[in-house]
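Student: Please take one helix of this model and go through it closely. I would like to know how it sits among its neighbours, and then which backbone features stand out elsewhere.

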Amino acid sequence: MKVLGIIGSPRHGGNTEILVNEVLASVREEGAATDVFHVADKNISGCDGCGGCFPSGVCRIKDDMQELYRKMEWADAIVFGSPVYFNYVTAQAKAIIDRTFCYLASRRLQGKVAAPVLALRRIGGGQTRVQLFGWFISQGMIPVRGAIGYGAQKGEVRTGVGGGINVTALEEARQTGKDIIAMLKRLSK
Ligand SMILES: Cc1cc2nc3c(=O)[nH]c(=O)nc-3n(C[C@H](O)[C@H](O)[C@H](O)COP(=O)(O)O)c2cc1C
């Protein structure tokens with residue numbers, strides 16, 4: 001079982017990174033191999049709508065998305081983390097989403113398990129989660145519930161609540177790891 005964490009926050013050491021790393025620690029305890037991709041170090045431009053990836057399945061833009069394509073294709077499951085910025089994912093996370101247009105032709109994300117992980121101060125978690133579920137479904141991925149953590153300053157999700165009832169954000173992240181493993185095992189039967 002191979003699980004990739006994508007951290008869609010432009011800052012290092014932030015709440016999204018903490019939550020995604022918690023999910024990855026949880027899946028490693030269940031025997032999965034993990035890898036991570038953090039947008040803060042990367043240069044990923046938006047899709048320019050050239051249409052060249054239909055039907056080739058290959059994006060011609062040579063930037064750090066090429067590294068992420070390889071990592072996503074390696075993974076059986078993808079943990080997609082983003083802070084909420086003005087009620088939706090960050091610009092960096094949306095650039096990644098749009099650059100997977102090539103996978104509509106190649107269907108290389110189809111059947112992978114996908115989990116949304118969100119960090120936010122207060123408002124927009126529900127619709128941002130729906131935004132990610134919409135992308136997962138468009139790509140034929142299999143969604144699990146995921147995790148939402150509340151906090152504004154770096155590290156606040158460590159002590160903050162999760163999106164569920166009577167659960168901390170870190171507990172929800174660990175449960176997300178367990179849900180991913182359970183889904184992967186179910187699918188491999
Ligand atoms: C440009 C910008 C827009 C934001 N918009 C929202 C928002 O719409 N709703 C919200 O609850 N928090 C919003 N926040 C707060 C972040 O979601 C919050 O600080 C989050 O924990 C940051 O995650 P990070 O530490 O992984 O970068 C915004 C922050 C920034 C910088």
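Tutor: What follows is a close look at helix α1, then at some backbone angles. This is a predicted model, in which local features need pLDDT of at least 70, side-chain atom pairs count only at pLDDT 80 or more, and totals for chains, interfaces and linings use all residues. Residues are numbered from 1 along each chain as its sequence is written.

Helices (H or I, at least four residues) and strands (E, at least two) are DSSP runs, numbered from the N terminus. Helix α1 covers residues 15-29, and its end C-alpha atoms are 21 Å apart. The expected span of a helix is 1.5 Å times one less than its number of residues; for the 15 residues of α1 that gives 21 Å, which agrees. Just after α1, G31 has a positive phi of about 95 degrees.

A residue is buried if 20 or more other C-beta atoms lie within 10 Å of its own, exposed if 12 or fewer, and partly exposed in between, with C-beta atoms placed from the backbone. Because 11 of its 15 residues are buried, α1 is largely enclosed by the rest of the structure. Among the buried residues are N15, I18, E22 and V27. Their cover includes the strands β1 (2-7), β2 (33-38), β3 (77-83), β4 (113-120) and β6 (147-150), together with helix α7 (169-188).

Two residues are in contact if their C-beta atoms, placed from the backbone, lie within 7 Å. On the α1 side, L19, E22, V23, S26 and V27 meet residues of α7 including L170, R174, K178 and I181. The residues of this contact divide into 8 nonpolar, 3 polar and 3 charged (Ala, Val, Leu, Ile, Met, Phe, Trp, Tyr, Cys and Pro count as nonpolar, Asp, Glu, Lys and Arg as charged, and the others, Gly among them, as polar).

Now the backbone elsewhere. Most residues other than glycine have a negative phi, and most peptide bonds are trans. The bond from F54 to P55 is cis, with omega near 5 degrees, and P55 lies in helix α2 (residues 53-56). N87, not a glycine, has a positive phi of about 75 degrees; N87 sits in the loop between β3 and α4 (91-99) and counts as partly exposed, with 13 C-beta neighbours inside 10 Å. N166, also not a glycine, has a positive phi of about 55 degrees. N166 belongs to the loop between β6 and α7 and is exposed, with 7 other C-beta atoms within 10 Å.
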